[in-house]
Amino acid sequence: MRTTVGIIGAGPAGLLLARLLRGAGIDTVVLEARDRAYVEQRQRAGVLEQGTVDALRAAGAGARMDREGLRHDGIELRFDRRRHRVDFPALTGGRSVMVYAQTEVCKDLIALQLAEGGPLLFGAEALAVEDADTGRPRVRFRHRGREDVLECDYVAGCDGFRGVSRTAVPAGVGQVFERTYPFAWLGILADVPPSHHELVYARHDRGFALLSMRTPSVSRLYLQVPEGTKPEEWSDADIWRELERRFETDDDWTLRRGPVTRKSVTSMRSHVHEPMRYGRLFLAGDAAHIVPPTGAKGLNLAVGDVVTLARALAHEKETGSAALLDAYSATCLRRVWQAERFSHDMTGLLHRAPDATPFEDRLQLARLERLTASRAAETDLAEAYTGFPLD
Ligand SMILES: Cc1cc2nc3c(=O)[nH]c(=O)nc-3n(C[C@H](O)[C@H](O)[C@H](O)COP(=O)(O)OP(=O)(O)OC[C@H]3O[C@@H](n4cnc5c(N)ncnc54)[C@H](O)[C@@H]3O)c2cc1C
């Protein structure tokens, strides 16, 4: 089997890259280890930056998002039983975000790829990327019980944090920057309309809580829990009781309860692999970097990477110049580190470390107070939350 760009992984990064390259007249084959139903049901991100929304629209994948997505013009910060709204358009010259689930982004892109794009093989697990530092890289993969080889001009490693692409970079060539956190998120999906029309980020002495949503009738809620927690350790009643405590306010706000349909625990990690290129292998999305989910940046970074990569490959096709491909890693990493900084700061601002001292608690509250009192501090948050430029 042979193609111009072999793409490993049909998450948002791999699927959007395939779509963008099709638009540029570059052929691709996408290899995805899991089956279609699994990829379409995997619950993850839900907040799309303006730049991500624009990129999906430009790729012709925005029609359902524009019909069903929920435009959000702000978030609420909650601490000390008080509520403070951050108004994005007022602070950023009109920018906002869109709440539209990653599952739906993937469904839309898969449908387009199957209808109009190159081959997308489900159940095709990449085993290794070989000869990445030569002019003829290859992906060895297993599909329907048989081993096969995909010969490519370029390989895009879009296979997430636990994928195989990164392992093709020899030890000593790349460098990893990493931080793990001593807490995790217990997340639920519940069949109940959201209790607030915007996301609520709550800092509480008992730990962080987040109120989010997937649709007008489905809530997504998270609790900070100790790292290593198992979902089954928490009953539904315990989860609702704890959410109520952490979201409590001095006014008459109440949390709506409903049937919990899904429960999972996500660990928190910051991780960057530099450079994001080795020879003709380009890493994109979670394969190259991870952020803790507090800043809602992971999916958006993945989109930024593949927009940059697609432009660089199209430029090479049109002009014969590899200048943009050569700049790929440095271009992406500038944006990646801004997102790493923001995600780390938001995590520190809102979570309670198990060994937090009373002094650190007071500092955390002082930082939140500052956000409510200073337009400059609020603007900094709003600019980062709605997204860094794609260039
Ligand atoms: C609970 C949670 C909440 C989040 N909330 C947000 C949010 O609000 N906003 C945001 O921007 N981000 C959020 N994120 C992060 C976001 O979901 C990820 O950053 C995003 O999925 C990255 O996309 P990707 O395509 O790079 O990787 P993935 O989505 O991980 O896709 C990688 C694909 O590669 C496949 N694969 C793996 N190994 C192989 C192999 N060997 N061969 C073939 N295929 C392979 C996988 O099956 C998968 O389909 C959240 C994440 C979690 C867990």
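**Figure 1. Packing of helix α1 against helix α6 in the predicted model.** Helix α1 (residues 12-23) and helix α6 (residues 102-116) pack at an angle of about 40°, and their axes lie 9 Å apart. The crossing of these two helices is left-handed. On the α1 side, the contact is formed by P12, L15, L16, A18, R19 and R22. Helix α6 contributes Q102, V105, C106, L109, I110, L112, Q113 and E116. By class, the residues of this α1–α6 contact comprise nine nonpolar, two polar and three charged. An α-helix has 3.6 residues a turn, so residues three or four places apart point the same way.

**Figure 2. Surroundings of the ligand in the predicted model.** The ligand has 35 residues around it, of which G9, G11, G160, G285 and G298 come nearest. Two or more residues of the shell are given by each of α1, β2 (28-32), β9 (124-130) and α8 (298-319). Helix α8 supplies the largest share, four residues. Divided by class, the shell around the ligand holds 16 nonpolar, 12 polar and seven charged residues. Helix α1, shown in Figure 1 in contact with α6, is thus also among the elements that give two or more residues to this shell.

**Figure 3. Helix α3 and the elements that cover its buried residues.** Within helix α3 (residues 50-58), the residues G51, T52, V53, A55 and L56 are buried. The cover over these buried residues includes the strands β3 (47-48) and β7 (97-99). Helices also take part in this cover, among them α4 (63-68), α6 and α8. Just after α3, G60 adopts a positive phi of about 75°. Two helices of the preceding views return here: α6, which packs with α1, and α8, which gives four residues to the shell around the ligand.

**Figure 4. The whole protein, as context for the close-up views.** The predicted model contains 11 helices and 19 strands. Its radius of gyration is 21 Å, close to the 21 Å that the globule rule gives for 391 residues, so the protein is as compact as a globular protein of that length. The C-alpha trace spans about 65 × 40 × 40 Å along its principal axes. Of the 391 residues, 45% count as buried. Among contacts between residues at least 6 apart in sequence, 74% join residues at least 24 apart.

Terms used:
Residues numbered from 1 in each chain as written. Predicted model: local features only at pLDDT ≥ 70, side-chain atom pairs only at ≥ 80, totals over all residues. Axes fitted to C-alpha atoms, helices over the stretch in contact; angles between N-to-C directions. Left-handed = near helix turned anticlockwise from the far one by under 90°. Contact = placed C-beta atoms within 7 Å. Nonpolar A, V, L, I, M, F, W, Y, C, P; charged D, E, K, R; others polar. Near = placed C-beta within 6 Å. Rg over C-alpha atoms; globule rule 2.2 N^0.38 Å. Buried ≥ 20, exposed ≤ 12 C-beta atoms within 10 Å, placed from the backbone.
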